[in-house]
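Student: I've got a structure open on my screen and I'm not sure how to read it. Can we go through it together, feature by feature?

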Amino acid sequence: EEETREEETREEETREEETREETREEETKEEEAKEEETKNERAKRESIDALEVEREIREIRARDVVIEELNSTQVHGLFNSATPVKVPSYIIDSARDLFFEEKLTLEAVREVLESEGHSEKIVEAVIGILKKEEK
C-alpha cells in the first residue's frame, strides 16, 4: 500500500511537472506572439512615417519649383520666338555681377554661363538683358 501511494505520489508529481512545463511553453508562445505583434506594429508605424516624409519631400520640391518659377524673369522676343524664356533670377544676378562688378565682357559672361551648363536660350536671354541694361 505504501509503495502504491509512493508510486501515485511520483505520478502526481510527474503530472504536475508536465503541467508546469506546458504552462511555461504556452507562456513563451504568448510572449513570442506579443513580441511579433509589437515588431509588426513598429514596422507599420515606421512605414507610415517614411511615406509621410516622402510626401513632405515631394511637397517641398513642388513648392521649390513654384518659388523658382516666381523668381524667374520672363524674357520676350528673343530669337524672334513667340515663346518666352524663363530665366531664374539667380542666373541674371550672377551675370550682372560678372558684367558690372567684375567687368567681364559680354563674350566672357557668355562663356561662363555656357560653362555652367545653361541652355543656349537662357544664355542668349541673359546676354540680351545685359545689353539692354548696359545702355
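**Reading how helices pack**

Tutor: Let's start with a pair of helices: H2 passes H4 in a right-handed crossing. Keep in mind that this is a predicted model.

Student: Which residues of H2 and H4 meet there?

Tutor: From H2 you have Ile91, Ile92, Ala95, Arg96, Phe99 and Phe100, and they meet Ile122, Val126, Ile129, Leu130, Glu133 and Glu134 of H4. Sorted by class, the contact of H2 with H4 has nine nonpolar, no polar and three charged residues.

Student: And how do people describe two helices that pack together?

Tutor: Two packed helices are described by the angle between their axes and the distance between the axes. Here, helix H2 covers residues 89-101 and helix H4 covers residues 120-134; their axes come within 10 Å and cross at roughly 50°.

Student: Is there a word for that sort of angle, and why does H2 with H4 get it?

Tutor: Angles under 35 degrees count as roughly parallel, and 65 to 115 as roughly perpendicular. The angle of roughly 50° fits neither range, so H2 and H4 are oblique to each other.

Student: What is the angle between H2 and H3?

Tutor: Helix H3 spans residues 106-115, and H2 packs with it at an angle of about 140°, the axes being 10 Å apart. Roughly antiparallel needs an angle over 145 degrees, so H2 is oblique to H3 as well. As for handedness, H2 passes H3 in a right-handed crossing.

Student: Which residues make that contact?

Tutor: On the H2 side they are Ile91, Ala95, Leu98 and Phe99, and on the H3 side Leu106, Val109, Val112 and Leu113. By class, the contact of H2 with H3 has eight nonpolar residues, no polar ones and no charged ones.

Student: That leaves H3 with H4. At what angle do they cross?

Tutor: The axes of H3 and H4 cross at roughly 150° and come within 10 Å. That is over 145 degrees, which makes H3 roughly antiparallel to H4. H3 also passes H4 in a right-handed crossing.

Student: What does the contact of H3 with H4 consist of?

Tutor: H3 brings Leu106, Val109, Arg110, Leu113 and Glu114. H4 brings Val123, Glu124, Val126, Ile127, Leu130, Lys131 and Glu134. The classes come out as seven nonpolar, no polar and five charged residues.

Student: Now let's zoom out. How many helices and strands does the protein chain have?

Tutor: Four helices and two strands. To read their order, walk along the sequence: the pattern is α-β-β-α-α-α.

Student: What share of the protein chain counts as buried?

Tutor: Of its 135 residues, 18% count as buried. Looking at the surface instead, the accessible area of the protein chain comes to about 10900 Å², and 48% of that belongs to carbon and sulfur atoms.

Student: What about contacts between residues far apart in sequence?

Tutor: Take contacts in the protein chain between residues at least 6 apart in sequence: 44% of them join residues at least 24 apart. For a single pair, try Ser89 and Val126, which are 37 residues apart in sequence and 9.9 Å apart in space, C-alpha to C-alpha.

Student: Where is Ser89 found?

Tutor: Ser89 is in helix H2. Its relative accessibility is 25%, so Ser89 counts as partly exposed.

Student: Last one: where is Lys103, and is Lys103 buried or exposed?

Tutor: Lys103 sits in the loop between H2 and H3. With a relative accessible area of 65%, Lys103 is exposed. Check its backbone too: phi of Lys103 is near 60°, a positive value in a residue other than glycine.

How values were computed:
Residues numbered from 1 in each chain as written. Predicted model: local features only at pLDDT ≥ 70, side-chain atom pairs only at ≥ 80, totals over all residues. Heavy atoms only, no water. Buried < 20%, exposed > 50% of the residue type's maximum accessible area, 1.4 Å probe, protein only. Contact = heavy atoms within 4.5 Å. Areas by Shrake-Rupley, 256 points an atom, 1.4 Å probe, with all protein chains shown as cover. Axes fitted to C-alpha atoms, helices over the stretch in contact; angles between N-to-C directions. Left-handed = near helix turned anticlockwise from the far one by under 90°. Nonpolar A, V, L, I, M, F, W, Y, C, P; charged D, E, K, R; others polar.
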